[in-house]
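Please read the following note alongside the sequence and the structure. The points are numbered so that each can be followed on its own.

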Amino acid sequence: MPQALLYKAALPGLGAVPLPPPPPLPPLRPALSESARHTCRAAAAHQSLSHSTNEMLSLDPSGPEWDCPLGSKDLEEEGPWGGDSGLPPTGCFPGSWRQDVGLDYKGSPEGAEARAWTVYYYSLLQSCLQQAGLPETQDRSQVPCTGCPGAEVTLCVLGSPSTFLPVLLEGGVQSPGNMLLCLSPAWLMKVPAPGQPGEAALLVSKAVSFHPGGLTFLDDFVPPRRATYFLAGLGLGPGRGREAAELARDLTCPTGASAELARLLEDRLLTRQLLAQQGCVAVPATLAFTYKPLGLLLGGDASPGLRLVELSGKEGQEMLVKEEVETFLHSEALGDVLQVAVKLSGWRWRGRQAFRLYSRAELGTVVDTVLALLEKLEEEESVLVEAVYPPVRLPCSDGPALGPGLAVRICAVVCRTQGDRPLLSKVVCGVGRGDRPVRHHNSLPRTLEGALAQCGLGDAAQVAAVRQRVKAAAEAALGAVLALEAGLSAEQRGGRRAHTDFLGVDFALTAAGGALTPVALELNSGLCLEACGALEGLWAAPRLGPAADDAAAAPLVETMLRRSARCLMEGKHLLVVGAGGVSKKFVWEAARDYGLQLHLVESDPNHFASQLVQTFIHFDMTEHQRDEENARLLAELVRARGLKLDGCFSYWDDCLVLTALLCQELGLPCCPPAAMRLAKHKSRTQLHLLCHHGPPWPAPSLHAVPCCPLESEADVERAVHQVPLPGVMKLEFGAGAVGTRLVKDAPQCYEHFSQITRDLQGEADHPGIGLGWGNAMLLMEFVEGTEHDVDLVLFGGRLLAAFVSDNGPTRLPGFTETAACMPTGLAPEQEVQMVQAAFRCCLGCGLLDGVFNVELKLTGAGPRLIEINPRMGGFYLRDWILELYGVDLLLAAAMVACGLRPALPTHPRARGHLVGVMCLVSQHLQALSSTASREALQALHDRGVLRLNLLEEALVPGKYEEPYCSVACAGPSPTEARLRLLGLCQGLGIDGPNYPVAHFLSHFK
Ligand SMILES: Nc1ncnc2c1ncn2[C@@H]1O[C@H](COP(=O)(O)OP(=O)(O)O)[C@@H](O)[C@H]1O
Ligand SMILES: [Mg+2]
């Protein structure tokens, strides 16, 4: 073995990577075009270019001003978005596609120059589609689309097709027809928003719409569509960037980019300081000089490895600069670095990637360069001197490396997800010569595995460690940016709704300090996104081999949809029927967050929610025999109060039939009352579905379970001869498993029937479990198998989303729920069988619109229906689904109630696993009043140790018991979540001989 040195990892978590000591770098050759070198000379007029052999001016050929040198003078005249004139390059797209397409929007024909750019971007789009093996865009603009303005998701992108292609294609899959690409600012229009002074709505008159399979159409919209999300590419070439920035400013709809935020993110010093403050992000050691720092910067040495020197004026700074540079060049912060780079920082310098490289020994020339550049500075700009780490040098399998070796550049795309949490969505690498910077446009897109293997690093564990480090750093970077934004005013952000939804973070992979370390260089959203698209495109045409893994843009599109849903629902007036108990406390908070105007009908005049809504209508709804009459009375009350409702819905079992009747009275969208009645009546549901034999097949009858309704002793006598025992006896209209019991033989059947008839007669005996409909029972065959919940969102009979969770073994004989796990551990085929079964059962009952919770058991012969709850799932389900998938069933239900198609991603992916147990007063009274008190559990919840869902207010034991709370733990795998929960339950005294948590969780392995 030639190398005897084992380099130690400098950062925690990254295993030591054996590296040979870095050899001295070969002399660098100037990698410049003649003209670039010439302008460089002009810019640094008083310097001589020949002072160093190690000097190199490096430029990113990607930017439009790629040969603009360090400190060019024209910059100031041009402004940040490029000049106002200039024609696009011509003849750059090989390929054949129709030229006679309707690119002019009728209302606003463009000037010749603008038109030339529109044609250019259209051709670029066709070229991208062609390379991806996708069909040419079809022009349907002759027949305008009418659509339903204000009622549909409209995701609008104004930008370069090649940058945004991955987002556009993913949007076409997740929200078909609603992802729109505008190729010209003239296709968009800002109109003042009534009621929101200073803000405007954005209307789309023309766009290329994206559909599944990469199908695209050129569409005109009459009337124009109203954007529910806007993403502007700000580097669109002469003049257009500025127009895009103007369009994005102060919109009523959410925006994912603004010129104001872009300026901040393009400030190298600011972003470097943000990153340096994150413990897990390595940044190059940096010395910065400025006259007047950006207000958001921290002064002095506030961030590790980053020194900010504030100069008092332009004159007489030579001594101070020399001292600081000297200290920096000799400082330990530079480690074994041999070179430093001198760069400019500030948004005016965006796209001008020019910098100079110097040997660390060249104090005089570094100082001269800094002083020369200082003259160019305006307020809030700075000159940076930073460490340049040598590229990774791994032992070559076939002898010592001869050339300059290879450098790896890593770019990571990270997206803002539910709850402002950053999530890494893709890593793309570039590999290039070690003696010049690797940039997006001068290297091929590679996977991390491929790039590292190229450099001789094939060990899977090491690659995983690098990936983990990149993930942590990129997510921390976005986290820091979001935290920064949270402290900015709407004006500073460019609008009330302007937020950064994704970020590209560029890293150099270095062997700094002997350890393989990704060092964060800059934030570069557009280029990173484009690189992801290029990597995904590798598998696209022709479709060879395996598809790329998850789309880089998937979480971004999910965020666009989630923000669109809020935009569509803000200010909607909804009538909620039945407030529900403490378990539904989240409703009022969520409504405020979403800007919903809630009006509440509730039987309890003193309900706490009466204070939290716009209008409170006290109305006794408990007698369900009177549902029809009550619906009429309520409709009159609503009309008398002059409420202008957009929708009416309920999530409370007792109120579902009444709500359907009320909607009918008020002419609001809802499921037919007959369907609700059918679903609420357990034996009728099963007997109805049993008759549904198809076609189409498979039919719902396959999932129904034989049962007998029981209203009298005589019914019980008949039933025990019809239903094979053991069976399950339960309340027809019950909830929360109250009154449910496993019955093994005829005597047990009689006994349970008479006990329930005696104990649970009316609403007052156990409020809220459906006794207002009576206490009729049913006897049902016992279904063997594992139990699962499927939570569905249906719109117009179409399945928009489904979430499957698993239940642990119930406690017999009463079937109380013990434990649950999400996402399901079922094999994918079983999972889709469950979803389809639940979907078919809903359709079979006529439930076509809404959010439904279907309970099923999976038997050897397939899924069997336990019951349909024609409402949002109870207990912890809404919380868990929101936490894991970023989908809010409450908002989805509210949208359906308003007749709006919920804006949901087609394939939401879970971000981890949750495993939970129920706590019962009968089992845990002692723990719940000491170690696991409500306050103690809440404190653990707030610290992120567990997830608490409180289901009951008071610690009162009862014969027919419902769970008091659910306690859950999260983890990257079900096993980890389960073990965490088990440990917690043991510590808190929730686990015990009569409540064996390990047994309840044993299903989730
Ligand atoms: N036919 C059955 N076979 C097996 N278990 C059943 C059956 N019916 C109900 N159960 C069990 O009883 C629990 C409660 O029954 P369910 O019909 O869901 O009533 P509720 O409306 O009270 O939730 C179910 O979650 C399931 O564990
Ligand atoms: Mg149930």
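1. A cap on a helix. In this predicted model, the N-terminal end of helix α7 is capped by Asp267. A side-chain oxygen of Asp267 lies 3.1 Å from the backbone nitrogen of Leu269.

2. The setting of that helix. Helix α7 covers residues 268-276, and 9 of its 9 residues are buried, so the helix is largely enclosed by the rest of the structure. Among these buried residues are Arg268, Thr271, Arg272 and Gln273, together with Leu269, Leu270 and Leu274.

3. The metal site. Which residues coordinate the magnesium ion (ligand 2)? The ion is held by Glu855, which is listed twice through OE, and by Glu867 through OE, at 2.0 to 2.5 Å. Glu855 belongs to strand β29 (residues 850-859) and Glu867 to strand β30 (residues 862-869), with the pair 12 residues apart. Both glutamates, Glu855 and Glu867, are buried.

4. Contacts of ligand 1. Glu855 also has a polar side-chain atom 2.8 Å from an oxygen atom of ligand 1. For Glu787, a polar side-chain atom lies 2.5 Å from an oxygen atom of this ligand. Ala737 takes part through its backbone, where a polar atom is 2.6 Å from an oxygen atom of ligand 1. Taken alone, ligand 1 exposes 540 Å², of which the protein buries 96%.

5. The shell around ligand 1. Strands β29 and β30 each give two or more residues to this shell, as do β23 (727-731) and β25 (777-781). Of the 19 residues around the ligand, those that come nearest are Lys682, Lys730, Ala737, Glu781 and Glu787. The shell divides into 8 nonpolar, 4 polar and 7 charged residues.

Conventions:
Residues numbered from 1 in each chain as written. Chains lettered and ligands numbered in written order. Predicted model: local features only at pLDDT ≥ 70, side-chain atom pairs only at ≥ 80, totals over all residues. Heavy atoms only, no water. Donors = N, O, S within 2.8 Å, 3.2 Å for Na, K, Ca; no water. Helix = DSSP H or I, 4+ residues; strand = E, 2+ residues; numbered from the N terminus. Buried < 20%, exposed > 50% of the residue type's maximum accessible area, 1.4 Å probe, protein only. Polar contact = N/O pair within 3.5 Å; in protein donor to acceptor, adjacent residues only side chain to side chain. Near = heavy atom within 4 Å. Areas by Shrake-Rupley, 256 points an atom, 1.4 Å probe, with all protein chains shown as cover. Nonpolar A, V, L, I, M, F, W, Y, C, P; charged D, E, K, R; others polar.
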